[in-house]
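Q: Here is a model to go through by its terms. Please set each label against its cut-off.
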Amino acid sequence: MSENIVIIGAGQAGAQAVQSLRAEGFTGPITMVGDEAYPPYQRPPLSKAYLLGQLERPRLFLKSDAFYAEAGCELLLDTSARAIDRAARTVELSDGRKLPYGKLLLTTGGRVRKLRCPGADLPGIFYLKTIADVDALQAAFQPGKRIAIVGAGYIGLEVAAVGAKRGLHVTVFEAMDRVMARAVSPALSAFFAAEHARAGVTLKLNTGVEGFEGDGKVERIIAGGRAYDADLVLVGVGVLGNDDLARAAGLACSDGIVVDRNATTSDPAIYAAGDCTRHYGREGIELRLECVQNAIDQAKHAAMAMCGKPKDYAEVPWFWSDQYDLKLQIAGLARPTDTLVARGDPASRKFSVFHLRDGKVAAVEAVNAGQDYMIGRKLIAEGRAVEAARIADLSIPVKNLIAP
Amino acid sequence: MKRAFKATFIEDNGVSHTIDVPEGWSLMEGAVKHLVPGIDADCGGACACATCQVYVDPAWAGKLPVKTDMEETMLDFAPLVKPNSRLSCQLRMSEALDGIVLRIPKEQH
C-alpha cells in the first residue's frame with residue numbers, strides 16, 4: 001500500500017494519526033496541513049500552566065520536528081484547506097496548490113463559539129483556543145486588572161483560577177444556575193463554586209451577558225441588566241466542530257463530520273477523527289466530543305481502518321481539568337437519570353461521585369482522587385455491577401471494588 | 001540557556017540512547033524530543049495514560065521523588081509492571097538524576 005495520505009488539521013488527532021499510521025505499517029507519503037504557525041501541540045495546558053507562565057512554548061509541542069522528518073511526514077503549516085474535490089481526489093490549499101490524495105483524514109478540530117451581542121468586537125475581548133490566543137491574552141492578563149469571564153465551563157474556570165493566582169480581580173458570568181453544568185453533577189458544581197469563591201473569584205450565576213461597552217476598547221460588560229467595569233474579557237462559551245470543509249464537499253455532517261465506528265465518513269476514501277467528528281459512542285448514542293481522549297483514540301482507529309485493519313471504536317471517554325490544587329478527572333458520560341453515589345467528603349477536598357445506571361458504573365467524577373477515577377474507568381469499560389453501599393464505604397479500599 | 005543533564009534509555013532489544021534533558025523537563029519530554037522509541041506518551045504528560053513507563057536502574061531508586069497516588073494507580077493498570085516501574089512523565093530532570101539509566105518495557109499498551 002503506497003498511495004499517499006493527506007491529513008487536514010495539525011492538532012492532537014493529526015499527530016497521533018501520523019504516529020499510528022507508521023505503527024500500523026503504512027509506508028506511503030504523508031502530508032499534514034495545519035492552519036496555525038505551529039506543529040501539533042497540547043491544548044490542555046494553554047488555559048493552565050502555559051497561561052500561568054510555568055510551561056515554555058517548546059514544551060507544548062507533541063512531537064519534535066525530527067519526529068515528522070523521521071516519519072516522512074511533510075508538514076504544511078500556516079496553510080488551510082479551501083476545498084475537497086472528491087471526484088479528482090485533490091485538496092485545494094490556501095496557497096492555491098492542489099494536493100492529490102489516495103486517502104484523506106480530516107482532523108480539523110473545533111473553533112470557539114463567538115458572542116454576537118453588541119460590543120462583542122471591541123478590543124480587549126479574548127477567546128482561548130490557540131497558542132496565539134493565549135499570547136494575545138497574556139499582555140492584558142496582569143495583576144490588579146479586572147477580568148470578566150463569560151462562561152463557567154472548563155475554560156472559564158481554569159482561567160479564573162489562574163487569574164486569581166496571578167492577582168487579577170476575577171468575575172465569572174454564567175447564564176445557567178451552576179458552574180460546569182454541562183460537564184459535572186450538581187455536587188461538583190457546588191464544590192467548585194465554593195472553591196472559586198474562597199479564592200476571591202466573584203461568581204454571577206443565572207446572569208446572561210447582554211453586551212459590552214467602551215471607548216475604543218472594552219470597559220464594561222452588561223450582564224443581567226447591570227453594567228460591570230472590566231479591563232479585559234475572556235469568553236469561553238463552547239466550541240463548534242469544524243465541518244465546513246467536509247460539508248462543502250457533500251460529506252454527511254451534523255454539527256460535526258459524521259463517521260462510523262471506523263472513523264470513516266460517508267466517502268470511503270475520507271476519514272475523520274477528533275473534535276470535528278460526530279460519531280457513535282460506546283453506548284450507541286451519536287455525539288461529538290471535545291477531548292484529548294477522543295482525539296487520540298479515534299485517530300488510532302482511523303489509522304487502523306486506513307491500513308485495512310478496522311477495529312470498532314468504543315473507548316470510554318475521559319476528561320480532566322486543573323483548577324488551583326484540584327485535579328478533576330471524569331470518565332464516562334453521565335446522564336441526568338443516573339443514580340449518584342458519593343465516595344468521600346468534599347470537605348476533605350478528595351472525593352468522587354460514581355454514576356450508576358442499571359446497577360453498573362456508567363461514569364465517575366473524581367476530585368484529587370486518582371484511584372477512584374482509574375478504578376471507575378475500569379469498571380465502566382467492563383460494564384461491572386457494583387453495589388452502591390460498597391462504593392460509599394470508605395473502609396473498603398477502592399481497589400477492592402474491582403476485585404472479582 | 002537551561003542546564004541539561006544526561007539520561008540513558010535502553011530499549012527492550014538492548015539498543016541504548018543517551019540524551020540531554022533540560023533541567024525541569026520530565027524524562028518523558030526528553031525521550032519524546034529525542035525520538036527514543038517505546039515512550040509513547042499518548043496524553044502528553046498529564047499522568048493520564050501510563051504509556052511512558054520505564055524501569056529505573058536500582059542505583060537511582062533512592063534519588064527519585066515518591067510516587068503520587070495518581071502515578072501509583074496508573075501503574076496498577078499498566079502492562080508489564082515491575083517493582084522499579086515509574087512513569088517517566090512524573091520524573092523531572094535535576095542534577096541529582098544526571099546520568100540516570102532507564103529501561104523501556106517491551107510494550108506500553
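Q: What makes the radius of gyration of chain A agree with that of a compact globule?

A: The model is predicted, so local features need pLDDT of at least 70 and side-chain atom pairs count only at pLDDT 80 or more, while totals for chains, interfaces and linings use all residues. Residues are numbered from 1 along each chain as its sequence is written, and chains are lettered from A and ligands numbered from 1 in the order in which they are written. The radius of gyration is taken over C-alpha atoms, and the globule rule is 2.2 Å times the number of residues to the power 0.38. For 404 residues the rule gives a value near 22 Å; chain A has 22 Å, so the two agree. Along its principal axes, the C-alpha trace of chain A spans about 65 × 60 × 35 Å.

Q: Why is Ala263(A) called buried?

A: A residue is buried if 20 or more other C-beta atoms, placed from the backbone, lie within 10 Å of its own; it is exposed if 12 or fewer do, and partly exposed in between. Ala263(A) has 30 other C-beta atoms within 10 Å, so Ala263(A) is buried. Of the 404 residues of chain A, 47% count as buried. Ala263(A) also has a positive phi of about 60°, although it is not a glycine. Its place is the loop between strands E18 (257-258) and E19 (270-272) of chain A.

Q: Why is Leu35(B) called partly exposed?

A: Leu35(B) has 16 other C-beta atoms within 10 Å, so it falls in between the two cut-offs. Leu35(B) is not a glycine, yet its phi is positive, about 55°. It sits in the loop between helix H1 (27-33) and strand E3 (53-56) of chain B.

Q: How do you know that E13 and E14 of chain A pair?

A: Helices (H or I, at least four residues) and strands (E, at least two) are DSSP runs, numbered from the N terminus. Two strands pair if DSSP finds at least two bridges between them. Four bridges join E13 (residues 209-213) to E14 (residues 220-223) of chain A, so these antiparallel strands pair. Val209(A) stands opposite Ala223(A) in E14(A). The hairpin has six residues between the strands, and Gly216(A) takes a positive phi near 85° there.

Q: What makes E18 and E21 edge strands in the sheet of chain A?

A: The open sheet has three strands in the order E18-E20-E21 (chain A), with mixed pairing. E18 and E21 (286-287) of chain A each have a single partner strand, so one side of each is left without a neighbour in the sheet. Two bridges join E18(A) to E20 (residues 277-280) of chain A, and the two run parallel. In E20(A), Thr277(A) is the bridge partner of Ile257(A).

Q: What makes residues of chain A and chain B count as a contact, and how many does each chain give?

A: Two residues are in contact if their C-beta atoms, placed from the backbone, lie within 7 Å. Chain A gives 16 residues and chain B gives 15. H9(A) supplies the largest share of the side of chain A that touches chain B, four residues. That side divides into eight nonpolar, four polar and four charged residues. Ala, Val, Leu, Ile, Met, Phe, Trp, Tyr, Cys and Pro count as nonpolar, Asp, Glu, Lys and Arg as charged, and the others, Gly among them, as polar.
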